[in-house]
Protein chains: 2
Amino acid sequence: MNILLTAGPTYEPMDPVRFIGNRSTGKMGYALADAFAAAGHTVTLVSGPAALPVPTHPAIQTVRVETAAQMYAAAAEAAPTAQIWVFAAAVADYRPAEVAPEKIKKAGDTLTLTLVKNVDIAATLGETKRAEQFSVGFALETNNEQAHALEKLRRKNFDVVVLNSLRDAGAGFGHDTNKVTLLTADGVVTTSDLLPKSAVAQDIVQFVLARYAQYA
Amino acid sequence: MNILLTAGPTYEPMDPVRFIGNRSTGKMGYALADAFAAAGHTVTLVSGPAALPVPTHPAIQTVRVETAAQMYAAAAEAAPTAQIWVFAAAVADYRPAEVAPEKIKKAGDTLTLTLVKNVDIAATLGETKRAEQFSVGFALETNNEQAHALEKLRRKNFDVVVLNSLRDAGAGFGHDTNKVTLLTADGVVTTSDLLPKSAVAQDIVQFVLARYAQYA
């Protein structure tokens, strides 16, 4: 099968040197790309600016992007021919309304930055999802975790949502280990142990492939 | 001698996952630390979140920080006992006025972010500089380069300012090579060739040590 996988952060420029970023390292997404490729599938990995080496598995094609708009364009190109979509990137919800062409000089004591909403990649592609396609999203929540994750699943037309919690020590952004909870629209809830991201990725891939075989 | 050297970007958090960053990699600052150590000096390297390995030279003590406020605290501690200060970090001029304790949820079509000025590390320490101390700053300008750099030298009480230009292909943020112009208060101007950052660092260190011997 063809897998579309987004990974890493996006950087939204304010000027030639400054940007709004986030703490995603891309490790979980890159581990998922490796796990899908190891399971015999072809992966289009659309990656934001992660400080990770480009995967070497011949079944993984990596497309490097920087902003949410660029990530959307690359994902939209790959989505129609992919059976499974996995949105593991931490896409910026907002970007600066204007990108200054020259470095912003320090002036007043305060600076007001107006941000505008980025395209919601998963939700927008979710509207085009065909019956035989399957969409997997990630949620990173700091409060009301499962309720927020299920709301996200419905809003973005996901079949499975992978909930990362910032509350578990050793899990999530910047760590080499992770602990996730998998939720489905029909109420299945599975929580992984705290394991290396490569092992968690294999568990997620097995769960997704089994659900895909059953429902898509 | 003791050298205080700041390097890398700073990250200014908006919430537990988002931050305002900049494109400094820390390569130039780390190369300067190596060059000062190789010349027989002791370096306190105060580094923002750079994706570089911690220097292994035993004469380099690395202090890792994230925000401008943390960088100021670490630099202020090392400054009184250092003969030469080198401010190679790309410190954020502004930080979000408030850091949200939970991840900011996507809500309206626009988001207004109020930023407040960070402490100016070089200028604030510059006010405490004694006659026998020597301060070196960096300037990254996209227009009126030498005029802006000299204005910065005066305002921050630098003895030498190193001007990076974004206009030179292959120089500055993210590149392994650099081309800089060295300016002094008394009008000396020297421009390096486009060279690996390690070679440019050696040139800067030789220039600074010679000027220090002459004037501090």
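**How many salt bridges does the rule find across the interface of chain A and chain B?** Keep that in mind; the count comes up in Exercise 2.

This is a predicted model, in which local features need pLDDT of at least 70 and side-chain atom pairs count only at pLDDT 80 or more, while totals for chains, interfaces and linings use all residues. Residues are numbered from 1 along each chain as its sequence is written, chains are lettered from A and ligands numbered from 1 in the order in which they are written, and side-chain values use heavy atoms, with hydrogens and water left out.

**Exercise 1. Work out how the two chains are related and what each brings to the contact.**

Step 1. Start with the superposition, done by least squares on the C-alpha atoms of residues with pLDDT of at least 70 in both copies. Chain A falls on chain B after a rotation of 180 degrees with 0.0 Å of shift along the axis, at an RMSD of 0.0 Å. This is the relation of a two-fold axis. Both copies use the same surface, since 100% of the contact residues of chain A recur in chain B.

Step 2. Now look at the contact itself (heavy atoms within 4.5 Å). Chain A gives 40 residues and chain B gives 40 residues.

Step 3. Turn to buried area, which is the accessible area (1.4 Å probe) that two parts lose on being put together, summed over both. Chains A and B bury about 3,800 Å² between them, with 50% of it on carbon and sulfur atoms. F19(A), R23(A) and K106(A) supply 18% of the area that chain A buries against chain B, more than any other three residues.

**Exercise 2. Find the charged and polar pairs that cross the interface.**

Step 1. Apply the salt-bridge rule: a side-chain nitrogen of Lys or Arg within 4 Å of a carboxyl oxygen of Asp or Glu. Six salt bridges turn up across the interface of chain A and chain B, and a search of the whole structure finds 20 over all chains.

Step 2. Pick out examples. R18(B) pairs with D93(A), their closest N and O atoms being 2.7 Å apart. D109(A) forms a salt bridge with K117(B), where the closest N and O atoms are 3.9 Å apart. D109(A) lies in the loop between β7 (94-96) and β8 of chain A and K117(B) in strand β8 (residues 110-117) of chain B, so this pair joins two chains. Strands here are DSSP runs of E with at least two residues, helices are runs of H or I with at least four, and both are numbered from the N terminus.

Step 3. Check the surroundings of that pair, with buried meaning under 20% relative accessible area, exposed over 50% and partly exposed in between (1.4 Å probe, protein chains only). D109(A) is exposed at 59%, and K117(B) is partly exposed at 31%.

Step 4. Add the polar contacts: pairs of N or O atoms within 3.5 Å; within protein, one must be able to donate a hydrogen and the other to accept it, and residues adjacent in sequence count only if both atoms are side-chain atoms. Between chain A and chain B, 21 residue pairs are in polar contact, both residues at pLDDT 80 or more. On the side of chain A that touches chain B, β3, β8 (110-117) and β9 (134-141) of chain A each supply at least two residues. The largest share, eight residues, comes from β8(A).

**Exercise 3. Describe a salt bridge within chain B.**

Step 1. The side chains of K129(B) and D159(B) meet at 2.7 Å, N to O. The pair links distant parts of the chain, 30 residues apart: K129(B) is in the loop between α3 (121-126) and β9 of chain B, and D159(B) in the loop between α4 and β10 of chain B.

Step 2. K129(B) counts as buried at 17% relative accessibility, while D159(B) counts as partly exposed at 22%.

**Exercise 4. Which residues of helix α4 (residues 145-155) of chain B are buried, and what covers them?**

Step 1. The buried residues are E145(B), A149(B), K152(B) and L153(B). They cover an arc of only 105 degrees, taken from the directions from the helix axis to the C-beta atoms, and this puts them on the same side of α4(B).

Step 2. An α-helix has 3.6 residues a turn, so residues three or four places apart point the same way.

Step 3. The covering includes β9 (134-141), β10 (160-165) and β12 (180-184) of chain B. On the face turned away from the buried side sit the exposed residues A147(B) and R154(B).
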